[in-house]
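Reader: I should be grateful for a close account of a single part of this model, namely the place where the two chains meet. Please state the criteria behind each term as it arises.

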Amino acid sequence: MEQHEMEITISKTGEIKVHIKGAKGKRCLQYAEWLKQVVGKIKDQKLTSEYYEPEVKSRINLDVDLKTDSDQQ
Amino acid sequence: MSTVLILAPVIISNWPAITAAVVGAASALGFVTKQAVEQEVRQTGGQEQKAEQEIEVELPESQVLSEQVATDQQIVVTKGAIQIIVKRDERGRCVICAKGKGLSKTELKQAAQQFTEKLTQCFIYDKVLKQLKQKNFQIVNEEVTENDDIRIHVRRWEE
């Protein structure tokens with residue numbers, strides 16, 4: 001489970017500043033796209049170090065299991 | 001740290017959503033909603049009248065969806081001698097008109113500008129909050145800063 005956070009500041013002129021935290025890589029860009037659809041045009045975007053962190057993936061290595069099964073037969 | 005975005009507001013909505021933001025802005029700035037549809041009453045007679053000035057400010061990047069509103073529909077709010085009228089023009093844009101007797105064009109422009117900004121802020125706040133709830137975000141904190149900025153801190157868990 002990942003915790004995604006957003007700090008949204010709506011200035012008195014209506015300009016919006018959003019700080020997206022916890023969402024890495026593509027997920028972060030998906031939030032940016034969603035916000036663009038909700039409020040308006042993106043004037044500026046800064047990607048910080050977390051954006052470049054790899055997304056956490058879980059993987060089962062089927063090759064090992066298959067080899068083990070065929071060896072036994 | 002992850003990403004920081006700066007977005008410019010675009011107001012494209014139906015008339016009820018804009019009306020809600022107008023009421024919110026009026027309330028925040030001390031205006032009173034006069035009437036949903038203006039019925040202009042002209043004062044005539046022997047009373048001495050001060051010259052009435054009028055100024056119009058177009059809400060940039062706005063569009064009022066036409067199926068919800070007739071072009072002549074408008075909402076009027078007042079505060080002292082200032083009257084603010086929010087309406088949809090022929091091109092579908094949202095227009096804020098300020099008028100008042102005994103006030104200079106500069107004063108009226110300032111009032112219209114202030115109202116436009118507050119209206120935009122209220123509209124964006126309403127829309128963002130609605131969308132955040134739909135995305136299952138929980139509000140951690142919400143505050144209005146000394147500069148009149150609205151700060152919302154939200155969170156959600158995702159697999």
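Author: The account below begins with the interface and then follows the strands that take part in it.

The model is predicted, and local features need pLDDT of at least 70, side-chain atom pairs count only at pLDDT 80 or more, while totals for chains, interfaces and linings use all residues. Residues are numbered from 1 along each chain as its sequence is written, chains are lettered from A and ligands numbered from 1 in the order in which they are written, and side-chain values use heavy atoms, with hydrogens and water left out.

In the interface, 44 residues of chain A are in contact with 36 residues of chain B, contact being heavy atoms within 4.5 Å. The size of an interface is often given as the accessible area lost when the parts come together. Here the buried area is about 4000 Å², and carbon and sulfur atoms give 59% of it; buried area is the accessible area (1.4 Å probe) that two parts lose on being put together, summed over both.

The rule finds 20 residue pairs in polar contact across the interface, both residues being at pLDDT 80 or more. A polar contact is a pair of N or O atoms within 3.5 Å; within protein, one must be able to donate a hydrogen and the other to accept it, and residues adjacent in sequence count only if both atoms are side-chain atoms. On the side of chain A that touches chain B, the elements giving two or more residues are β1 (2-10), β2 (16-21), α1 (26-39) and β3 (40-47) of chain A. Helices (H or I, at least four residues) and strands (E, at least two) are DSSP runs, numbered from the N terminus. The residues of that side of chain A comprise 18 nonpolar, 12 polar and 14 charged. In this count Ala, Val, Leu, Ile, Met, Phe, Trp, Tyr, Cys and Pro are nonpolar, Asp, Glu, Lys and Arg are charged, and the others, Gly among them, are polar.

Two salt bridges are found across the interface of chain A and chain B, a salt bridge being a side-chain nitrogen of Lys or Arg within 4 Å of a carboxyl oxygen of Asp or Glu. One salt bridge joins the side chains of A:Glu5 and B:Arg155, at 3.9 Å from N to O.

The strand β1(A) pairs with strand β10 (residues 150-158) of chain B in the antiparallel sense, over nine bridges; two strands pair if DSSP finds at least two bridges between them. Within this pairing, A:Glu2 has B:Glu158 as its bridge partner, and A:Glu7 has B:His153.

Each of these two strands also pairs within its own chain. In chain A, β1(A) runs antiparallel to β2(A), with six bridges joining them, and A:His19 is the bridge partner of A:Glu7 in β2(A). A:Glu7 also forms a salt bridge with A:Lys21, the closest N and O atoms being 3.0 Å apart. A:Glu7 lies in β1 and A:Lys21 in β2 of chain A, so the pair ties together parts that are 14 residues apart in sequence. The hairpin of β1(A) and β2(A) has five residues between the strands, and A:Gly14 there takes a positive phi near 100°.

In chain B, strand β9 (residues 138-144) and β10(B) run antiparallel and are joined by six bridges. B:Ile139 stands opposite B:Val154 of β10(B). The hairpin that β9(B) and β10(B) form has five residues between them, and B:Asp148 in the turn has a positive phi of about 70°.
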